[in-house]
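I opened the file to see how the helices pack. These are my entries, in the order I made them.

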Amino acid sequence: MTRPIAVILLAGVSSLLGGEAHRRTEKGNTLYLKGENDPALSEYQKVQGVLPEAPQIHYDIGNVLYRQENWAGAAEAYERALGSAAPDLSAKAAYNLGNALFHDEKYDEAVKAYTRALKGAPQDADAKHNLEMALRALEQQKQQQKQQQQQQQKKPEQRKDDQKPKPSGEGDDDKKPDDKGPKPDKKDQPKQHEPKPGEMTREEAQKLLDRLADQEKQNVKHDKARQAKDGGAPEKDW
């Protein structure tokens, strides 16, 4: 990819939670920003135990799982966040959902997620860029699947041919329907050529060449005899 796909970190959502949930969410955010993913995930999961339906917590858990390259887990968390998220959080969760699906090579679903993100935030340039990349990746994926299907359709025919091995050099054009055994190699038995109307056969062509060779010998003898008659030194004719 020509450009990194970033996860949007939700800042300040912990203020929407109260008491112990608020403190643990703040601690989880601090750990997340330090890159301490496992401890951050632990804090978020504790909050989730208290507020299982809070979309902000699902979103934060998705961010940690995304950073850990757990694409399927991150996508599930973002989906849960989208279930009851406010419009602003919904757009961000949809964007991150698209990123997780993109990495998991689920391009069709990623396209839908980015489209959903743009409905909530039409001016989001990153969402537009990622949507274009997902559409291109989806088209390439479909072409690859089509090629694989074509190759699979050809395999049974290839296996059928392999069940009847042929000697080296033989082709289907040389095999007759009633031929039950392999033919001799073409080098031992050249394929006969059927002449077209008005075309010489191989035997006729060879006879013509022989006649031309005899004629050439006769011409040479006549030339030598003429030279001897004219007083030139005769050459020996072996």
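Which residue forms a salt bridge with Arg23? I looked it up: the partner is Glu20, and the closest N and O atoms are 3.0 Å apart. Both Glu20 and Arg23 belong to helix α1, residues 19-33. They sit 3 residues apart, about one turn of the helix. I noted that the structure holds 6 salt bridges, the pair Glu20 and Arg23 being one of them.

Confidence. I am working from a predicted model. The protein chain has an average pLDDT of 74, and 58% of the residues reach at least 70. I then checked the weak stretches. For residues 10-15 the pLDDT is below 50, and the model gives this stretch 13 contacts beyond near neighbours in sequence. Residues 164-200 also stay under 50 in pLDDT; for these I found 23 contacts beyond four places in sequence.

Helices α3 and α4. I took helix α4 as residues 71-84. Its axis and that of α3 come within 8 Å and cross at roughly 165°. Angles over 145 degrees count as roughly antiparallel, so α3 is roughly antiparallel to α4. The crossing is left-handed. On the α3 side I listed Pro55, His58, Tyr59, Ile61, Gly62, Asn63, Leu65 and Tyr66. On the α4 side the contact is made by Trp71, Gly73, Ala74, Ala77, Tyr78, Arg80, Ala81 and Ser84. By class, the residues of this contact of α3 with α4 are 10 nonpolar, 5 polar and 1 charged.

Helices α3 and α5. How do the axes of α3 and α5 cross? Helix α3 covers residues 55-67 and helix α5 covers residues 87-103; their axes come within 11 Å and cross at roughly 30°. Because angles under 35 degrees count as roughly parallel, I entered α3 as roughly parallel to α5. This crossing of α3 and α5 is left-handed. Pro55, Gln56, Tyr59, Asn63 and Tyr66 are the α3 residues that meet α5. They face Leu89, Lys92, Ala93, Asn96, Asn99, Ala100 and His103. I recorded 6 nonpolar, 5 polar and 1 charged among the residues of the contact of α3 with α5. Pro55, Tyr59, Asn63 and Tyr66 of α3 appear in the contact with α5 and also in the contact with α4.

Helices α5 and α6. Which residues of α5 make the contact with α6? First the geometry: the axes of α5 and helix α6, residues 107-120, come within 8 Å and cross at roughly 160°. That makes α5 roughly antiparallel to α6, with a left-handed crossing. From α5 I listed Ser90, Ala91, Ala94, Tyr95, Leu97, Gly98, Asn99, Leu101 and Phe102. From α6 the list is Tyr107, Glu109, Ala110, Ala113, Tyr114, Arg116, Ala117 and Gly120. The residues of the contact of α5 with α6 divide into 11 nonpolar, 4 polar and 2 charged. Asn99 of α5 is in this contact with α6 and also meets α3.

Terms used
Residues numbered from 1 in each chain as written. Predicted model: local features only at pLDDT ≥ 70, side-chain atom pairs only at ≥ 80, totals over all residues. Heavy atoms only, no water. pLDDT = per-residue confidence, 0-100. Contact = heavy atoms within 4.5 Å. Axes fitted to C-alpha atoms, helices over the stretch in contact; angles between N-to-C directions. Helix = DSSP H or I, 4+ residues; strand = E, 2+ residues; numbered from the N terminus. Parallel < 35°, antiparallel > 145°, perpendicular 65-115°, else oblique. Left-handed = near helix turned anticlockwise from the far one by under 90°. Nonpolar A, V, L, I, M, F, W, Y, C, P; charged D, E, K, R; others polar. Salt bridge = Lys/Arg side-chain N within 4 Å of Asp/Glu carboxyl O.
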